[in-house]
Amino acid sequence: MLDTLTFLLEKLFLLAHIKLSSLLPPVGAERPLSRRCERDEAAPQSGAALRFQRGDLLEVPRTLFTHFGIYLGDGRVAHLIPDILPVLTTDSKQIQEMVTNTRLVLGVLSKRASIRVDSVEDFAYGAGILLNAMDRAVRRSPLTGEEVARRAERLVGTVSYSLLWNNCEHFVTYCRYGTAQSLQTDKFCEWLKSSIRDQRNVLLTALLGLLSMVCLGISSSTALPALLIPFTLWMAG
């Protein structure tokens with residue numbers, strides 16, 4: 001029962017945070033880069049004038065989620081991304097190609113990912129980059145840049161993946177602050193908690209349960225959910 005609930009929560013989180021390439025910012029539509037949480041509006045869009053430092057935490061904001069990586073130097077970024085291909089082949093050349101949306105979604109569903117090293121351009125995918133913006137939100141002080149980068153380099157390879165408990169944000173926070181956490185997951189859990197506590201949802205689920213029994217007939221497959229879901233929400237609220 002707990003595994004089923006976790007599976008459903010992860011799929012709900014996927015729908016709330018994953019979007020396909022049609023929703024991604026177009027290549028070339030870059031926003032000014034920033035350092036230490038400050039945007040440098042005068043910085044050239046080529047990015048050549050702004051030098052990242054080894055161990056910097058890079059953020060690429062999207063419409064529905066944010067992707068994170070650790071800068072290793074020489075234009076390289078280590079980041080955790082869902083990917084099914086390492087499960088299917090050992091061909092390093094194929095694996096190192098840019099992860100497509102199909103590979104990403106199948107990686108999420110199979111709970112497989114890789115911590116890989118890509119260029120800054122491939123990591124950003126045409127979007128603007130925020131630099132060390134998470135330093136404001138995390139209470140812990142960042143480790144030294146060299147220690148951050150070494151932690152990221154040691155973890156490169158195939159890993160298990162979870163939308164809620166082991167995503168790209170967990171990877172970078174472990175490397176930079178010494179403790180893995182995901183502010184996006186925390187926000188999602190807070191939203192879920194507030195939804196459960198909203199007693200209007202009890203009435204809504206009860207009505208939906210009654211409607212399913214009217215439309216599909218009374219049986220164990222309709223009656224049990226119609227009773228158990230509203231009761232669970234009522235007791236948890």
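These legends describe close-up views of a predicted model.

**View 1. An open sheet of six strands.** The strands follow the order 7-3-4-5-6-8, and their pairing is antiparallel. Strand 7 (130-131) and strand 8 (157-160) stand at the edges. Each has a single partner strand, so one side of each is left without a neighbour in the sheet.

**View 2. The hairpin of strand 4 and strand 5.** Strand 4 covers residues 66-73 and strand 5 covers residues 76-82. Three bridges pair them in the antiparallel sense. Two residues lie between the strands. One residue in the turn, aspartate 74, has a positive phi of about 55 degrees. Across the pair, isoleucine 70 has alanine 78 as its bridge partner. Tyrosine 71 stands opposite valine 77. In a regular strand, side chains alternate between the two faces of the sheet.

**View 3. Strand 5 and its pairing with strand 6.** Strand 5 is mostly covered, with six of its seven residues buried. Strand 5 and strand 6 run antiparallel and are joined by seven bridges. In one part of this pairing, serine 114 of strand 6 is the bridge partner of isoleucine 81.

**View 4. Two helices across the sheet strands.** Helix 4 (residues 101-110) lies across strand 5 and strand 6 (112-119). Helix 4 runs at about 60 degrees to strand 5. Helix 7 (residues 168-177) lies across strand 3 (57-61), strand 4, strand 5 and strand 6. The angle between helix 7 and strand 4 is about 40 degrees.

**View 5. Helix 7, a mostly covered helix.** Nine of its 10 residues are buried. Among them are the nonpolar residues Phe171 and Val172, but also Glu169, His170 and Arg176. Which residue follows helix 7? Glycine 178 does, and its phi is positive, near 90 degrees.

**View 6. Asparagine 167 at the start of helix 7.** Asparagine 167 lies in the loop between strand 8 and helix 7. Is asparagine 167 buried or exposed? Its relative accessibility is 6%, so asparagine 167 counts as buried, the cut-off being under 20%. A side-chain oxygen of asparagine 167 reaches to within 2.9 Å of the backbone nitrogen of glutamate 169. Leaving aside neighbours within four places in sequence, asparagine 167 is in contact with Leu80, Tyr161, Ser162, Ser182 and Thr185.

**View 7. The largest nonpolar core, with 25 residues.** Leu57, Ile70, Leu80, Ala152 and Phe171 have the most contacts inside this core. Two or more residues come from each of strand 4, strand 5, helix 4, strand 6, helix 6 (145-154) and helix 7. Which element gives the largest share? Helix 7 does, with five residues. Nonpolar side chains tend to be buried together in soluble globular proteins.

**View 8. The contacts of isoleucine 70.** Neighbours within four places in sequence are left aside here. Isoleucine 70 is in contact with Gly55, Asp56 and Leu57, among others. Its contacts also include Arg76, Val77 and Ala78. Others among them are Val148, Ala149 and Ala152. Phe171, Val172 and Cys175 are in contact with isoleucine 70 as well. Apart from the largest core lies another core, of 11 residues. Among its members are Phe52, Tyr71, Val77 and Leu131.

Technical notes:
Residues numbered from 1 in each chain as written. Predicted model: local features only at pLDDT ≥ 70, side-chain atom pairs only at ≥ 80, totals over all residues. Heavy atoms only, no water. Pairing = 2+ DSSP bridges. Helix = DSSP H or I, 4+ residues; strand = E, 2+ residues; numbered from the N terminus. Contact = heavy atoms within 4.5 Å. Axes fitted to C-alpha atoms, helices over the stretch in contact; angles between N-to-C directions. Buried < 20%, exposed > 50% of the residue type's maximum accessible area, 1.4 Å probe, protein only. Polar contact = N/O pair within 3.5 Å; in protein donor to acceptor, adjacent residues only side chain to side chain. Core = buried A, V, L, I, M, F, W, Y, C linked by side-chain atoms within 4.5 Å.
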